[in-house]
Amino acid sequence: MVVIEGLSFGYRRSEPILVDLSFEFPTGTVTAVTGPSGKGKSTLLYLVGLLLSPWEGSIRIDEVETVGMPDRARSRLRGERIGFVFQDAALDATRTVVDNVVEGSVYTGMSRRAAVRRARELMDRFGVGLRADHRPGEVSGGQAQRVALCRALLVDPDVILADEPTGNLDVGTAQVVIDALREAAHSEAKTVIVATHDPDVMAACDRVWEL
Ligand SMILES: Nc1ncnc2c1ncn2[C@@H]1O[C@H](COP(=O)(O)OP(=O)(O)OP(=O)(O)O)[C@@H](O)[C@H]1O
Ligand SMILES: [Mg+2]
């Protein structure tokens, strides 16, 4: 479960973007965060993903306060418990697709062999298995997004943050991604937070929070 309380943040002091937000994201549910472009959906995900620190307020993951935590403990928590699917996939162009997917496994003590096996299973499930040994520059936008989802799921994180995960996908492939996020929440008791404008995604989420 993720709880935010009294959260405020802006990239510049003169320009607050999120002001005094409080919300609970329960374990086992998928929550859609929605609102107009530029409102701060991605920013909220970066804060919960421990990639940014708030000006004020609290972000708790299973009752552990993350604000003010020392950097090493924060990085560790991020690596072990949080899976992030970036809006633009953010793959490393110099490494193969499968190497991108297994990148986070170093935090978990998983052997490379086990990580590659799991990566290939995930990639087959999302229809990108044939692209495993290609570079990210050789895959389409929608394939890159699915690869980014595989990377986020690889370490079996408790919290999955997905930023417009269906933005570049056709209806059928988007449904595969939505189903995977729902299954992760409902069958594997994960906390899933999805930033989205997509009405089909919102309809498939358990709760919708409009910023
Ligand atoms: N690194 C940054 N430095 C300064 N301002 C930023 C930075 N990133 C985002 N912003 C600004 O913060 C605000 C919120 O941006 P954010 O990306 O969180 O919006 P969003 O709701 O995800 O939008 P979209 O639906 O277009 O993805 C916007 O006004 C944006 O211009
Ligand atoms: Mg965004």
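How many bridges join S6 to strand S7, and in which sense do the two strands run? There are 4 bridges between S6 and S7 (residues 159-163), and the two strands run parallel. Please keep in mind as you read on that this is a predicted model.

## The parallel sheet

Let us start with the sheet that holds this pair. S6-S7-S8-S3-S9 is the order of its 5 strands, the sheet is open, and the pairing is parallel. Strand S6 (82-85) and strand S9 (207-210) have a single partner strand each and stand at the edges, so one side of each lacks a neighbour in the sheet. Going from one strand to the next, the twist averages 15°.

Within the S6 and S7 pair, Phe84 is a handy residue to find on screen: Leu161 in S7 stands opposite Phe84. Helix H5 also belongs in this picture, as H5 packs on the sheet and touches both S6 and S7. The direction of H5 makes about 175° with that of S6.

## The antiparallel sheet

Now for the other sheet. Here 4 strands form an open sheet with antiparallel pairing, in the order S2-S1-S4-S5. Strand S2 (18-25) and strand S5 (64-65) are the edge strands, and each of them pairs on one side only. Helix H1 packs on this sheet, where H1 touches strand S1 (2-9), S2 and S4. The direction of H1 makes about 120° with that of S1.

It is worth walking through the pairs from S2 onwards. S1 and S2 run antiparallel and are joined by 5 bridges; in this pair, Leu7 has Leu21 in S2 opposite. S1 also pairs with S4 over 5 bridges, in the antiparallel sense, and Val3 stands opposite Arg60 in S4. Strand S4 (residues 56-61) in turn is joined to S5 by 2 bridges, again antiparallel. Arg60 turns up here as well, this time opposite Glu65 in S5.

## Helices H4 and H5

How do H4 and H5 pack, at what angle and with their axes how far apart? The angle between helix H4 (residues 112-125) and helix H5 (residues 141-154) is about 135°, and their axes are 9 Å apart. That angle makes H4 oblique to H5. The crossing in which H4 passes H5 is right-handed.

Which residues meet at this contact? From H4 come Ala115, Arg118, Ala119, Leu122 and Met123, while H5 brings Cys150, Leu153 and Leu154. Sorted by class, the contact of H4 with H5 counts 7 nonpolar residues, 1 charged residue and no polar ones. Recall that H5 is also the helix that touches S6 and S7.

## Around ligand 1

Finally, a look at the ligand. Tyr11, Ile17, Ser37, Gly38, Lys39, Gly40, Lys41, Ser42, Thr43, Gln87 and Ala195 are the residues around ligand 1. By class, this shell has 6 polar, 3 nonpolar and 2 charged residues.

Which helix gives the largest share of the shell around ligand 1? That is helix H1 (residues 41-48), with 3 residues. H1 thus links two parts of this tour: H1 packs on the antiparallel sheet and contributes to the shell around ligand 1.

Methods:
Residues are numbered from 1 along each chain as its sequence is written. Chains are lettered from A and ligands numbered from 1 in the order in which they are written. This is a predicted model: local features need pLDDT of at least 70, side-chain atom pairs count only at pLDDT 80 or more; totals for chains, interfaces and linings use all residues. Axes are lines fitted to C-alpha atoms, for helices over the stretch in contact, and angles run from 0 to 180 degrees between N-to-C directions. Angles under 35 degrees count as roughly parallel, over 145 as roughly antiparallel, 65 to 115 as roughly perpendicular and the rest as oblique. A crossing is left-handed if the near helix is turned anticlockwise from the far one by less than a right angle, and right-handed if clockwise. Two residues are in contact if their C-beta atoms, placed from the backbone, lie within 7 Å. Ala, Val, Leu, Ile, Met, Phe, Trp, Tyr, Cys and Pro count as nonpolar, Asp, Glu, Lys and Arg as charged, and the others, Gly among them, as polar. A residue is near a molecule or strand if its C-beta atom, placed from the backbone, lies within 6 Å of it. Two strands pair if DSSP finds at least two bridges between them.
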